[in-house]
There are 2 protein chains.
Amino acid sequence: MSDQFDNVTVKKQANLYFDGKCVSHTILFADGTKKTLGVIFPSSLTFSTGAPEIMEITAGKCRIKLAGQSEWQTYEGGQQFDVAGNSSFEIETIDTLDYVCHFG
Amino acid sequence: MSDQFDNVTVKKQANLYFDGKCVSHTILFADGTKKTLGVIFPSSLTFSTGAPEIMEITAGKCRIKLAGQSEWQTYEGGQQFDVAGNSSFEIETIDTLDYVCHFG
C-alpha cells in the first residue's frame, strides 16, 4: 500500500475531536470521494458514524468494540475495520494511531 | 487565500512533536517543494529550524519570540512570520493553531 495520496486536495483546517485526542485533515479526490487522514492519541473514546466508514489503521495499535458486539478486537498498522452507518464504536487507543477514514 | 491545497501529494504518516502538542502532515507539490500542514495545541514550546521557514497561521492565536529578540509578538489566523535557518523560536499557543509551514 502506498504511504501517500497523490493528486488530491487537502483542506487546510483540521478537524478536532474529543479535546484534540483525534486530529484529522480532510482529503478530497478527483472522483469526488472524501477521506479523512488523522491521528488518535492514547485514549478511550466513542465515535458515532453518519455514513458507513472503513477505518484503515496505518500505524499504531488499538482495541475496538463495535456497537452491538460484546467482544473487543485488536487492530494494528496495516489492518482495517468496517463500521456501519448511523452506528458507533468504542476505541481504546494503546499506541498513537495514524489512520485513514474512508466514507462508504 | 484558498482554504485548501489542490493537486498535491499527502504523506499518510503524521509528524508528531512535543508529545503530540504539534501534529502535522507533509504535503508535496508538483514543483518539488514541501510544506507541512498541522495543528499546535495550547502549550509553550521551542522549535528549532534547519531550513528557513515561513509559519503561516490559518486559525488560532499565539505569541512568538524569535531567537535573539526580546519582544513577544502576537499572531492570529491570517498572519505569518519568518524564521531564519538554523535558528529557533519560542511559541506560546493561546488558541489552538492551524498552520502551514513553508520551507525556504
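**Entry 1: what counts as touching**

I count two residues as in contact when heavy atoms lie within 4.5 Å. I also note that this is a predicted model. With that rule I looked at chains A and B. I found 29 residues of chain A in contact with 29 residues of chain B.

Next I looked up which residues of chain A bury the most. A:Val10, A:Lys12 and A:Leu37 supply 29% of the area that chain A buries against chain B. No other three residues supply more. For the two chains together, the buried area is about 2300 Å². Carbon and sulfur atoms account for 60% of that area.

**Entry 2: polar contacts and strands**

I turned to polar contacts. Between chain A and chain B I noted 17 residue pairs in polar contact, both residues at pLDDT 80 or more.

Then I asked which strands of chain A supply at least two residues each to the side that touches chain B. I listed β1 (4-11), β3 (22-28), β4 (34-40), β6 (53-66) and β9 (88-103). Of these, β1(A) gives the most, with 8 residues.

I also sorted the residues on this side of chain A by kind. I wrote down 13 nonpolar, 10 polar and 6 charged.

**Entry 3: salt bridges**

How many salt bridges are there between chain A and chain B? I noted 4. One of them joins the side chains of B:Lys12 and A:Glu56, at 3.9 Å from N to O.

I then searched the whole structure, and the count over all chains is 9 salt bridges. Among them is the pair A:Lys11 and B:Asp3, whose side chains meet at 3.4 Å, N to O. A:Lys11 lies in strand β1 of chain A and B:Asp3 in the segment before β1 of chain B, so this pair joins two chains.

**Entry 4: β1 meets β1**

I went back to β1(A). It is joined to strand β1 (residues 4-11) of chain B by 5 bridges. The two strands run antiparallel. I checked which residues face each other. A:Val8 stands opposite B:Val8. A:Val10 stands opposite B:Phe5. A:Val10 is also one of the three residues I listed for buried area in Entry 1.

I followed β1(B) into its own chain. There it pairs with strand β3 (residues 22-28) of chain B, in the antiparallel sense, over 2 bridges. In that pairing B:Thr9 stands opposite B:Leu28.

**Entry 5: how the two copies are related**

I superposed chain A on chain B. The fit takes a rotation of 180° with 0.0 Å of shift along its axis, and the RMSD is 0.0 Å. The two copies are therefore related as by a two-fold rotation axis.

Which C-alpha of chain A is nearest the axis? I found that of A:Asn7, 2.2 Å from the axis. I also compared the contact residues of the two chains. Of those in chain A, 100% recur in chain B, and the same surface serves both copies.

**Entry 6: a hairpin in chain A**

Last, I looked within chain A. β6(A) and strand β7 (residues 73-76) run antiparallel and are joined by 4 bridges. I picked out A:Arg63, and its bridge partner in β7(A) is A:Thr74.

β6(A) and β7(A) form a hairpin, with 6 residues between them. I checked the turn too. A:Gly68 sits in it and has a positive phi of about 85°. β6(A) had already come up in Entry 2, on the side of chain A that touches chain B.

Definitions and conventions. Residues numbered from 1 in each chain as written. Chains lettered and ligands numbered in written order. Predicted model: local features only at pLDDT ≥ 70, side-chain atom pairs only at ≥ 80, totals over all residues. Heavy atoms only, no water. Buried area = accessible area lost by both parts, 1.4 Å probe. Polar contact = N/O pair within 3.5 Å; in protein donor to acceptor, adjacent residues only side chain to side chain. Nonpolar A, V, L, I, M, F, W, Y, C, P; charged D, E, K, R; others polar. Pairing = 2+ DSSP bridges. Least-squares fit on C-alpha atoms with pLDDT ≥ 70 in both.
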